[in-house]
Amino acid sequence: MKLGFFPYSAMNYKAGQAYLERMEPQGWRLRHVYLSCIALFERAERPRHFVDLDIRQFLSEEPDQDYLQLCADAGWEHIQTLRGMLLFRAAEGADPAPIQSDTGMEWERFWKRYARKNIITSLLVLLAAAGLLALVSSLTSGPGKSLTAVVISSSALLYLVSLVLGLVSIFMSFVTTPLYLFRCRRSGQVETPGRIALLQDTLFQLYRPFYLIAACVALAEILGMGTTVDLGWSSINGEYTATVEACREYPVVLASDLGLRDSEDSRYLDGHRTLLAEFLSYREITEGDGPEAPIYILTTERYDCAFEPLARLVFDLRANETRNGAFLWGELDWVDAPGLGFEESYSCREGSYLLLRQGNVVSLVGCSDLDLTTPELLEVIRDRLGLPPA
């Protein structure tokens, strides 16, 4: 037995034919193609193959049984139907004539029954991909919607790889298909595509498993995969796991760190770890001392990214999102704050909110009605977030 790679599409069925013919002098006969692209070969004497188009693929799910019977009577065994192609091999001991002997008729059939429909299908696929990107953009932009969470998810990298593979394959087809059809039309027959066809079909075959894996990982993330901490302290919900001692084990800024009174009924901490980053979110609401003391709303978001370019991207994304309202407590009109001692930093609302990046760590820290830009509080914030001193 021998394994091979058979990624060819119906548009490049002649390249699939050429691949099988290259296996014949070595004594290998195709047994079956598994998982849509893994070819299994077996030993045989004088193996022969033929790849034909299934001209009924747009009319019926099953190939023409009368046609298959005619091929069988002529000595061709039908192995399987794959992506609109009929894969044949010569029966044991048979030496059948080629199924298609009239090259001009083969070209006319290829053009009328497949090529034009393939061009239309490719256009529809490209429009669908553009629509999908527009949908993702609409779902992750606007008030309360965050693209940052999508970017740092474990499925994001897999989705990105699958998207790149699919789009590159589609764009390649828009460039190579017209050239290939022009070459066939000029010669009056279906020509064997060049090596670029193998690359194009390979990229499209790799797109699907990456997409499926990304979808499975995304579903697992929705179900809680990667959750590192989930603590709450609320008299309303009856949660009392987010004790000060438990929350202090994590690099977030608590009310007591800023010299405020610990909240008595509103404290939440949750975190997730992905392939690209580790994320923590802390929220606390507490009251000041005195009858007319303000209510302090504390927020900590901490992104520990796998590499610095990603941290730069997260910093820019979170700045743009929160400017547009993707934040629980309203829009944050950031202004540059270069003198705080971080590699990148913004502040707003008279210093009560900070967005900073130091190395691979990005953090949004906020406390309403409290200026966090004082040297004393900046030192506390650095220490609690696990950042090096200025």
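Here is a short conversation about cores, a surface patch and a sheet in this predicted model.

User: Why is Phe5 called partly exposed?

Analyst: Buried means under 20% relative accessible area and exposed over 50%, with partly exposed in between (1.4 Å probe, protein chains only). Phe5 has 31% relative accessibility, so Phe5 counts as partly exposed.

User: Which residues form a nonpolar patch on the surface with Phe5?

Analyst: Its partners are Leu3, Tyr34, Leu35, Ile38 and Leu198, and together the patch has about 580 Å² of accessible area. Patch residues have over 30% relative accessible area and no salt bridge, and nonpolar side chains are joined within 5 Å.

User: What makes a nonpolar core, and which residues touch the most other members of the largest one?

Analyst: A nonpolar core is a set of buried Ala, Val, Leu, Ile, Met, Phe, Trp, Tyr and Cys residues joined through side-chain atoms within 4.5 Å. The largest has 26 residues, and Phe6, Leu30, Phe41, Leu87 and Phe110 touch the most other members. Helix H1 gives the largest share, five residues. Apart from this core lies another of 22 residues, including Leu276 and Trp334.

User: What makes S14 and S15 a pair?

Analyst: Two strands pair if DSSP finds at least two bridges between them. S14 (residues 353-358) and S15 (residues 361-367) pair in the antiparallel sense over six bridges. Tyr353 stands opposite Gly366 in S15.

User: How were the residues numbered and chosen?

Analyst: Residues are numbered from 1 along each chain as its sequence is written, and side-chain values use heavy atoms, leaving out hydrogens and water. Local features need pLDDT of at least 70 and side-chain atom pairs count only at pLDDT 80 or more, while totals for chains, interfaces and linings use all residues.

Notes: Helices (H or I, at least four residues) and strands (E, at least two) are DSSP runs, numbered from the N terminus. Patches are made of residues with over 30% relative accessible area and no salt bridge: like charges are joined within 9 Å, nonpolar side chains (Val, Leu, Ile, Met, Phe, Trp, Tyr) within 5 Å. Accessible areas come from the Shrake-Rupley method with a 1.4 Å probe; for residues, only the protein chains shown count as cover. A salt bridge is a side-chain nitrogen of Lys or Arg within 4 Å of a carboxyl oxygen of Asp or Glu.
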